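User: I would like to learn how to read the empty spaces inside a protein. Could you walk me through this one?
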Amino acid sequence: MSSYLTASCPGTGGSLKETPEDFLVEELPLYTPCGEGEHLYLTVEKRGLTTFDLLQQLARALKVPEREIGYAGLKDARATTRQTVSVTGVRPEQAMALELAGVSILAARYHRNKLRLGHLAGNRFEIRLRGVGEGALETALDVLHVLEQVGVPNLFGQQRYGSLGNSHLIGAALLRRNFAEAAAQIVGDPAKIDNERWRQGAEAFAAGDLAGALALLPPRMRDERRMIEALRAGRSAEEAVLALPRKLLRLYLSAFQSALFDRLVAMRLGTLETLWAGDLAFKHDNGACFIVEDPAIEQPRANRFEISPSAPLYGYKVTLAQGQAGLLERALLDKERLQLESFRLPGGLGMEGERRPLRVPLAGAAARQEGDDLLVSFSLPKGCYATSVLREIMKNEI
């Protein structure tokens with residue numbers, strides 16, 4: 001994406017995430033544990049680990065099934081993050097005594113229900129940008145002021161599309177039932193792979209040398225290797241791909257939904273705060289949507305940030321907008337040669353879809369300079385990415 005909401009402001013430049021300590025994320029809880037119940041809520045700080053890495057470590061150390069551990073959201077590995085998880089059958093003193101690499105248990109308190117995905121109000125970020133340009137502080141404050149007034153473009157951004165930037169392409173291939181293409185994208189385009197063994201393995205796979213690919217791909221690429229072993233055993237591409245973990249396949253499909261949503265945000269970037277007739281307005285207090293019949297009546301609510309225009313994460317149950325906004329949403333589906341029913345996949349892979357606001361409010365924004373570094377802090381609602389703010393400040397693709 002080449003355009004910015006704050007295009008009139010220069011970028012600060014600089015670099016991001018040189019160390020996990022440069023990117024601090026803390027969950028803002030939707031509720032606090034009440035002190036009684038069978039679910040033990042653990043406040044956990046982790047460094048250099050994904051949330052799934054954390055869950056695996058906790059499951060092994062506490063001897064509980066990983067699927068029984070609740071969490072509210074996924075956190076970046078290249079960061080220092082504080083988040084809450086819930087477990088059962090574990091005593092507080094047992095959890096607090098854990099010693100795990102890259103993990104600190106900060107608190108343990110009982111609650112009555114399991115923590116579920118989405119059970120959080122948002123996230124608070126404290127981020128250090130290193131090596132910024134001259135005038136960076138003034139620029140950052142100007143950008144933050146605009147974002148506070150207009151809202152933050154609710155982009156998923158490049159981090160949503162995996163290390164090779166192609167997770168959405170895998171999802172698109174799955175949706176079109178082009179399983180040979182999905183398998184090729186899962187192994188990866190050799191031209192985009194830096195790791196030598198991975199690149200050589202991908203080259204062998206592209207040449208049809210499955211045994212060679214297995215010999216070359218790093219052992220840590222367990223899913224890719226399992227898929228290739230299935231192909232080598234005579235399974236079809238469909239059978240080999242669909243044998244991958246459902247969670248992983250849904251992640252690819254979700255990435256494709258995200259890519260389409262980002263394109264709709266880009267189409268309306270210059271008017272994110274403006275309601276059109278036929279828009280499905282998103283209510284920020286409860287997530288409900290309603291059709292905008294008369295923009296002149298509803299726009300004052302948008303100006304107060306009570307409501308915003310929305311766009312679909314396409315799915316077989318989602319409602320599309322009407323009027324000009326609806327034309328854009330249908331035109332994008334047509335361009336992709338898809339229909340909403342295309343997202344009704346068998347085997348637990350169906351994607352229902354939902355509406356998502358085109359912009360989100362920015363809260364508690366601040367910035368200060370320390371030498372050549374810029375320190376930025378702010379809060380965003382759940383499901384929103386700090387990189388949407390940072391790309392506006394830095395004017396770098398992140």
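User: How many nonpolar, polar and charged residues are in the lining of the largest cavity, by class?

Analyst: Happy to help! Please keep in mind that this is a predicted model. The lining of the largest cavity has 5 nonpolar residues, 1 polar residue and 2 charged residues.

User: How does one look for such a space, and what volume does the largest cavity have?

Analyst: Rolling a probe the size of a water molecule over the atoms shows where empty space is left. Here the largest cavity has a volume of about 40 Å³. With a cut-off of 30 Å³ or more, the count comes to 1 cavity.

User: Which residues line the largest cavity?

Analyst: You can find them in the view: Leu264, Arg268, Ser310, Ala311, Ala325, Leu328, Glu329 and Leu358.

User: Which helix and which strand each supply at least two residues of that lining?

Analyst: Those are strand E10, spanning 307–313, and helix H12, spanning 323–335. Helix H12 gives the largest share of the lining, with 3 residues.

User: Now the open spaces. What is the volume of the second largest pocket, and which residues are closest to its centre?

Analyst: A pocket, unlike a cavity, is an open set of points. The second largest pocket has a volume of about 400 Å³. It is lined by 23 residues, and Gln158, Tyr161, His168, Ala259 and Asp262 are the closest to its centre.

User: Which helices each supply at least two residues of the lining of this pocket, and what is the make-up of the lining by class?

Analyst: Helix H4 (167–175), helix H10 (246–267) and helix H13 (387–394) each supply at least two lining residues of the second largest pocket. By class, that lining has 10 nonpolar, 6 polar and 7 charged residues.

User: Let me step back to the whole chain. How many helices and strands are there, and why is the chain called as compact as a globular protein of its length?

Analyst: The chain has 13 helices and 14 strands. Its radius of gyration is 22 Å, and the globule rule gives 21 Å for 398 residues, so with these close values the chain is as compact as a globular protein of that length. Its C-alpha atoms fill a box of roughly 65 × 55 × 50 Å along the principal axes.

User: What share of the residues is buried, and what share of the accessible surface belongs to carbon and sulfur atoms?

Analyst: Buried residues, those under 20% relative accessible area, make up 49% of the 398 residues. The accessible surface comes to about 18,600 Å², and 49% of that surface belongs to carbon and sulfur atoms.

Key:
Residues are numbered from 1 along each chain as its sequence is written. This is a predicted model: local features need pLDDT of at least 70, side-chain atom pairs count only at pLDDT 80 or more; totals for chains, interfaces and linings use all residues. Side-chain values use heavy atoms; hydrogens and water are left out. On a 1 Å grid over the protein atoms alone, a cavity is a set of points where a 1.4 Å probe fits but cannot get out, and a pocket is an open set with protein on both sides within 12 Å along at least five of seven lines; lining residues have an atom within 4 Å of a point. Grid points are joined across faces, edges and corners, and a volume is the space filled by probe spheres set on the points. Helices (H or I, at least four residues) and strands (E, at least two) are DSSP runs, numbered from the N terminus. Ala, Val, Leu, Ile, Met, Phe, Trp, Tyr, Cys and Pro count as nonpolar, Asp, Glu, Lys and Arg as charged, and the others, Gly among them, as polar. The radius of gyration is taken over C-alpha atoms; the globule rule is 2.2 Å times the number of residues to the power 0.38. Buried means under 20% relative accessible area, exposed over 50%, partly exposed in between (1.4 Å probe, protein chains only). Accessible areas come from the Shrake-Rupley method with a 1.4 Å probe; for residues, only the protein chains shown count as cover.
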